[in-house]
Amino acid sequence: MLSEWRNRTSLRFKALFHRRQLDRDLEDEVAFHLSMAEQKNRAQGISPEQSRHTARRRFGNTTSLKERSREMWTLVSLEVLLQDIRFGARKLGKSPGFTIVAVLTLALGIGANTAIFSLIHTVMMKSLPFANPSELYRLGEGADCCALDGLQGNFGIYSYALYKQLRNSTPEFSKMAAFSGGLHLISVRRTGGAGLSEPYVGEFVSGNYFSTFGLGAYAGRLLSESDDQPSSSPVAVISYRVWREHFSLDPSVIGGSFLINGQPLTIVGVTSPGFFGETLRRDPPDFWVPLASEPILRLDGSLLAHSELHWLYIIGRLKPGEKPGQVQARVTLEVQQWLTSQGQIPEAYRPQIAKQHVTLTPAGAGVARMRTAYADGLRLLAAASGLVLLIACANVANLLLAQGTAQRAQTVMRVALGAPRVRLIRQALTEGLMLGVLGGAAGLAVAYAGTQIILALAFRGAHYVPIQTAPSLPVLGFAALLSLLTSVIFAAAPAWINSRADAGEALRGAQRNIREGSNAPQKFLIVLQAALSLVLLAGAGLLTESLHNLEHQQFGFETEGRLIVKVDPALAGYTADRLDGLYRLLKERLRQIPGVQSVSFSLYSPMSDVNWSSGISVEGRPAPANPEDFDGASWVRVSADYFETIGTRLVRGRFIDERDTAGSRHITVINESFARMFFPKQDPLGKHFGLGDASHAGDYEIVGIVADAKYQDAREAAYPTFFRPLFQTEKFTDAGEQSTETRSNWIHDIELRVSGRPQNLQPLIRQTLAGIDPNMPVVDMMTFSEQVTRNFNQDRLMARLAGIFGLLALGLACIGLYGVLAYNVARRTQEIGIRVALGAPRSDILQMVLGEALILAGLGVAIGIPCALASNHLLSSMLFGLKATNPVVMSLAAAALLLVAMVAACFPAHKASAVDPLVALRHD
Amino acid sequence: MKEKRENPGDLLQGTLDLLILKALARGAMHGYGVAEWIHQTSEDVLKVEEGALYPALHRLELRGLLSAEWGASDNNRRAKFYSLTSSGKKQLAQETEFWRRMSGAVARILQTA
């Protein structure tokens, strides 16, 4: 049975590809037959001539036999398919306009969807390269960073002491790893190398970090428990990416000595190429260092020994069979017990301990930071790209329908001449298939480019984004399948309808015989396209306007002509006693650069994604009864000239200036929100308050009030904020508070007000800074407006992509409408000719075509507006400064659609009005 | 995949197939032999256009009912010999049975008329 099947298959294969051999075989067979018959005749005594003649006559027509036999072989349908493809390619090549538009439409639809769904796949669904990711759970949720003290309610971040307690007393976890919630800039230099130290990103991790995730080394070894002891010699692990890109895969790096933040360390190994840390984020860690090295590496104050400061995230691997719900209850209890045992928690807060709890969250995909941040945006983009795919499919369907109708005459003629219907439909199917395949291939290219563009928009300012830009194959497959189905169905449908036509129609002239309503499906598709386009346009308009509102609002500072330089003196090994000298030198040298008008420093600058806030006590203001609503405010340490440099207005009193030194009277400047919140209907000038409990209420005096400026969230009002001079340091009994107070003296931002283009000064500033201390790396430098702009990456991504999609949809609707109108005009040439001959003015004809366009687009608008209103309210939470029902945006979108419809109608309308009645009437 | 209808002269296609299968039931035979056998056994009642035989043979071969091999004829010439495959034999049995029932039924109808 099997051998038979094999014979048959090989025969069919032969029939396809070894046609000549079969032809020769057949000829041999026929020749043999004829000679046998001739021989027999001769044996019966017939003349040789007659013998041959009789044999041939009885055999029949050899040519037609050969043809029939050949047709026999071509029964193998693949052969027919090849023919169809050749025919289809010829046809597509004959109407390049149609082909290009159809393929581009499909490519954009498929490409946009593949790009966005691939990103969603990576960001939202994919597990990181961990062993058995389903066993991993994070203790807690949220993105708290970087050091919290006190109670959290829903615990998500832990001190080292609490981590050790949880690790040792929770046997339900086979392993439990801790790592710093925030990443740290570290300076790295090869020992003995001539190069300067360069800034990298480091993460402090527990010794069992890599073994908890089940990761192996790419080269060398990863960290182990024995590396994470106070006595062990300091080591670090390097990421594959940095090893490749910065150290050219140099094998001597492994085991090599490095200076990290000035401390000697040995690199023991390289992580595998696909590993970028436990959190999917921009600028992931380059180096992993054991927690035990934190005290020597963190120059602005170690947190490791502070049991009350929480700065570590915990992920554990549950033993098989353990129930997360039960373990969660147990961990919650452990945290409460530990807190109770801690002496430094004030009596007033103790009743709150019973309310502290831990939520166990699946961590197979690591810490879901990006997932949380981008979930809404990606979901909306997915919806928008889905709409685009729908529009693209509608457009291709429309094009194919129009083409199918245009070819009706030809098809009907072919039917009349006896072409089998199956063959006609198969032919159309093949064409559709080819369009789909071409569109899919081009879509792949669009997807590649699209992913790059999206990443560039979404992570503006990032040095590296660990997201694969390769389109995900299942997604590509889905989008390609959808477009393939569309093109195949809508290619075959007209062929099917046409092939059922009465053959007699061909003789009467098919062109004349098309029923009036025959392009109703096309009109329906046009209206659908117009409606969907309106939805996208309105959404894009809202998002673009919202972005504009965000970027051009009153921030309370000036971005024009300002530069921000990010530095990290701690990285260069500056200790507290050397800071003052450094700041003086920086100010002096930077001021000397031509074009620099003023220079200031601060702990952080506005809209740089940093915010320090603490509880405060105000003199004469009673502490709130409920400890949960304690008094708190944001605060920043700033140098003299700070407000002038960033352009924040003084309301009353004075700015912080050169008079405010470590030794002078401790003062502070507050913003208007702070004044309103803590000194309602009072004059705040001369009043006192301080960080921490009531014993600090007299720490500093308010000497000035400045205008509100937004520092953190551009969508909300400015936070109540106070500003303190550098080096005016208070004494705290609590070690954690003391550490915070001291650490705040290390500046991270230098602000410069310059004349001329800020960008032009950048090389000179770098040079100056390198001249002051070559070991102090410039972490980043950008214009102030760039720093602000980076806050709106997601908004910009949404607005731009929605804009692209909206324009795309509009363009497609325009093409679709043009196709239908042009076809209608061609079809009605005769009718128009007769009208003109009977005296209809050309303007009537013009109006007729334009009117049709307006009716179709108008219907689309009428359907689209309620759809847009319904769907755009999903955008509400993302909009700033306007409502989702904004009538201006809505009418602009509708106007754009109608305008485009007019443009699409222009050419066909002109053609219709130019019809020559004589030519039209002679036309078949 | 639907096969295209042949035009085998006076014979219905199915009949020609049946005759070929029947002829080959006796053993391997070349095309000419099959034609001769049909002429002889039907005493020249069934007129087969001999050329039509070959597409039929090829079709049966493609459908896997026949297998073919090149060999030497009685007079030592190169000829293509066809023989029944196992599915060919099954097909012959089925068609014979069908034909019998059919002709029986037709005969009864004609008798009652």
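Q: What makes a residue of chain B count as buried in this predicted model?
A: A residue is buried if 20 or more other C-beta atoms lie within 10 Å of its own. Of the 113 residues in chain B, 35% are buried.

Q: What share of the 924 residues of chain A counts as buried?
A: By the cut-off of 20 or more other C-beta atoms within 10 Å, 43% of the residues of chain A are buried.

Q: Why are E1 and E3 of chain B said to pair?
A: Two strands pair if at least two bridges are found between them. Strand E1(B) is joined to strand E3 (residues 78-84) of chain B by 2 bridges, so the requirement is met. The two strands run antiparallel. At residue level, B:Met29 has B:Tyr82 in E3(B) as its bridge partner.

Q: What makes E1 and E2 of chain B edge strands?
A: The open sheet of 3 strands has the order E1-E3-E2 in chain B, with antiparallel pairing. Strand E1 (29-30) and strand E2 (66-72) each pair on one side only.

Q: Why does 29-30 qualify as a strand of chain B?
A: A strand needs a run of at least two residues. E1 spans 29-30, so this run satisfies the minimum. Chain B has 4 helices and 3 strands, arranged along the sequence as α-β-α-α-β-β-α.

Q: What share of the contacts in chain B with a separation of 6 or more joins residues 24 or more positions apart?
A: Two residues are in contact if their C-beta atoms lie within 7 Å. In chain B, residues 24 or more positions apart account for 52% of the contacts with a separation of 6 or more. For chain A, with 28 helices and 26 strands, 83% of contacts between residues at least 6 apart join residues at least 24 apart.

How values were computed. Residues numbered from 1 in each chain as written. Chains lettered and ligands numbered in written order. Predicted model: local features only at pLDDT ≥ 70, side-chain atom pairs only at ≥ 80, totals over all residues. Buried ≥ 20, exposed ≤ 12 C-beta atoms within 10 Å, placed from the backbone.
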